[in-house]
Amino acid sequence: MESSGTNTGLRFVLLGQLSLWAGLAFGVIGAFQFLWPGLFEWMPFFKSRPLHVSLVVAWIFSTAIGGIYHYLPRIGVPLYSERMATWHLGIFIATGLAIVGSYLAGRFGGREYWEFPPVLAIPIIVSWVMFGVNYAATVFKVKDWPVHYWMWATGILFFFITYLEANAWMVPYVRGNLVREITLQWKSYGALVGSWNMMVYGTSIFVMSQLSGNEDLPRSYTAFLLYFLGFTNLLFGWAHHTYVLPAAPWVRGVAYAVSMTELLVLAHIIRNWRSSLGVMRRMVHHRALMFIAAAEAWIFINLTLALLLSVPAVNVYTHGTHITVAHAMGSTIGINTMILLASVYFMLCPKGGELGKRWTSIGFWLTNISLLTFFVCLVAAGIVKGRLTIAEQLSHQEIMVRITPFLIGFAVSGVGILTGLSLILWDSVGRTFTRLRSEQ
Ligand code: HEM
């Protein structure tokens, strides 16, 4: 890849890594608060949870956006406006700080996942429009788009639409009817995940094609199949977020089938790509490869759980239990975070060869083994809770006592993930700083 363009992309990636680090710390605090609800009076769960979720979601968006700004100029597609990208970064940082500040100060006002004061939606919408216009004007001149261009474009456009939907509760007509409001809320969250998945999957296809030197991969039939399935999932996948609401049954069936096939196709692409890599390529790009291989394994683990979760009869009982949290974190850590870390390492060492420190490998294994324990504990807590609530009709207090061993396992393995990812971040953040300094 040529070295051209400014460093805005890398700065977004640095910001993403720092957000992840901070987000992990709040996640661990939240997990211990499951065990001791009174822990840290200055940071109650109603603050630690949104701080954790907002910061880790910022990691996903910031790193995916950073990749787009970084990669395009380096493959000969200069950005339409570097200045707009810099403004985007400035607004992203300022809004992020305002959101974190308002949570710390206990100022809320929004709805779930976007709990900050609604006025902060304005800079988010403005900066996203700038991003969309810049992206469209940049890639407009490219003919015959490979699949990642479509994925990035779709992710950008649909995040915008879904974010407007998530804020539709401000319209009195929507707010006036509880079922209408909740349906729109949950629908928007499903599509929100679909939009960031598009950006992350686009990044994974791009990184894999660059690593293997296989230009045909992003133009292959299977890559476009993944795109169309991902797109259909983005349009319908939200339905399994709304099983408990009154909605037409066929919509749930379609959502269920599509979301499963989408993950299977992605796993198939990664597997084919890995088996087609030559020994040399495997060695030189060791670090990024490890993360992609981990994402593949996590796709299968999540697929198994998602298959169970999406069966409407099961979903009615599991929705809102720790199983939903296992599903959310299993895929955002196991799939999205692993793919994004592969992208970070590919950006930092595009020519490979540098395998990094031994501590990074230890961090990798510690993260994945801890994540498996974390996942199993959450699923076990969810199953026991669901059974005790419905079959034995125990009180909340009694149920919490019975699931305490699993919650301890969850919190302890959460510390393992924090430690493992910190070892990786220590290396990658250090490399990002060095790279930014050397390119100044
Ligand atoms: C890359 C790292 C991580 C990502 C991307 C991530 C992502 C998420 C997401 C998306 C949610 C919202 C789930 C939902 O609403 O259903 C969540 C909740 C949560 N996460 Fe994480 N997480 C990460 C690491 C951790 C770690 C290491 C811990 C520590 C044990 C942790 C503890 C929690 C807790 C306590 C919640 C709230 C669960 C609840 O409200 O029931 N997370 N996380």
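**Exercise 1. The loop with F40**

Find the loop between α1 and α2 and work out which residue there, though not a glycine, has a positive phi, then decide whether F40 is buried, partly exposed or exposed.

*Solution.* Keep in mind as you go that this is a predicted model.
- Step 1: Locate the residue. F40 sits in the loop joining α1 to α2.
- Step 2: Check the backbone. The phi of F40 is positive, about 55 degrees, even though F40 is not a glycine.
- Step 3: Count neighbours. F40 has 13 other C-beta atoms within 10 Å, so F40 is partly exposed. The cut-offs behind this step are 20 or more for buried and 12 or fewer for exposed.

**Exercise 2. A second loop residue with positive phi**

Turn to D144: in which loop is D144 found, and is D144 buried or exposed?

*Solution.*
- Step 1: D144 belongs to the loop between α4 and α5 (147–166).
- Step 2: Its phi is positive, about 55 degrees, and D144 is not a glycine.
- Step 3: Only the neighbour count is left to check. D144 is exposed because there are 6 other C-beta atoms within 10 Å.

**Exercise 3. A168 and its contacts**

Place A168 in the chain and list what A168 touches, not counting residues up to four places away in sequence.

*Solution.*
- Step 1: A168 is in the loop between α5 and α6 (172–175).
- Step 2: With 17 other C-beta atoms within 10 Å, A168 is partly exposed.
- Step 3: Setting aside residues up to four places away in sequence, A168 touches V174 and L184.
- Step 4: For a distance to try in your viewer, take A168 and S188: they are 20 residues apart along the chain, and their C-alpha atoms are separated by 9.7 Å.

**Exercise 4. Reading helix α3**

How many residues does α3 have, and what span does α3 reach from its first C-alpha to its last? Which of its residues are buried?

*Solution.*
- Step 1: α3 covers residues 82–104, which makes 23 residues.
- Step 2: The span from first to last C-alpha is 33 Å, close to the 33 Å expected at 1.5 Å a residue.
- Step 3: The buried residues in α3 are A85, H88, L89, F92, I99 and Y103.
- Step 4: These buried residues pack against α1, α2 and α4 (121–139).
- Step 5: After α3 comes G106, with a positive phi near 75 degrees.

**Exercise 5. Helix α13 and the core**

Where does α13 bend, and how many of its residues are buried?

*Solution.*
- Step 1: α13 has 27 residues and reaches 36 Å from first to last C-alpha, close to the 39 Å expected at 1.5 Å a residue.
- Step 2: The bend is at T337, by about 35 degrees.
- Step 3: α13 is mostly covered, with 24 of its 27 residues buried.
- Step 4: Take I333 as an example, a residue in helix α13. I333 counts as buried because 22 C-beta neighbours lie inside 10 Å.
- Step 5: Now look at the core. The largest nonpolar core has 116 residues, and those touching the most other members are A288, F291, I292, A295, M338, A342 and L378. Helix α13 (residues 322–348) gives the most to this core, with 15 residues.
- Step 6: Follow one core member outward. Leaving aside neighbours within four places in sequence, A288 is in contact with V207, L211, A342, Y345 and F346.

**Exercise 6. The shell around the ligand**

Which helix supplies the largest share of the shell around the ligand, and which residues come nearest?

*Solution.*
- Step 1: There are 21 residues around the ligand, and G27, G30, A31, A328 and G414 come nearest.
- Step 2: At least two shell residues come from each of α1 (8–35), α2 (45–74), α13 and α15 (396–438).
- Step 3: α13 gives the largest share, 7 residues.
- Step 4: Sorted by class, the shell holds 13 nonpolar, 7 polar and 1 charged residues.

**Exercise 7. T367 and a distant partner**

What is the C-alpha separation of T367 and G416?

*Solution.*
- Step 1: T367 lies in helix α14 (residues 358–390).
- Step 2: T367 is buried because 27 other C-beta atoms lie within 10 Å.
- Step 3: T367 and G416 are 49 residues apart along the chain, with C-alpha atoms separated by 6.4 Å.
- Step 4: Beyond neighbours within four places in sequence, T367 is in contact with I417, G420 and L421.

Conventions. Residues are numbered from 1 along each chain as its sequence is written. This is a predicted model: local features need pLDDT of at least 70, side-chain atom pairs count only at pLDDT 80 or more; totals for chains, interfaces and linings use all residues. A nonpolar core is a set of buried Ala, Val, Leu, Ile, Met, Phe, Trp, Tyr and Cys residues joined through C-beta atoms within 7 Å. Two residues are in contact if their C-beta atoms, placed from the backbone, lie within 7 Å. A residue is near a molecule or strand if its C-beta atom, placed from the backbone, lies within 6 Å of it. Ala, Val, Leu, Ile, Met, Phe, Trp, Tyr, Cys and Pro count as nonpolar, Asp, Glu, Lys and Arg as charged, and the others, Gly among them, as polar. The expected span of a helix is 1.5 Å times one less than its number of residues. The bend at a residue is the angle between axes fitted to the seven residues ending there and the seven starting there.
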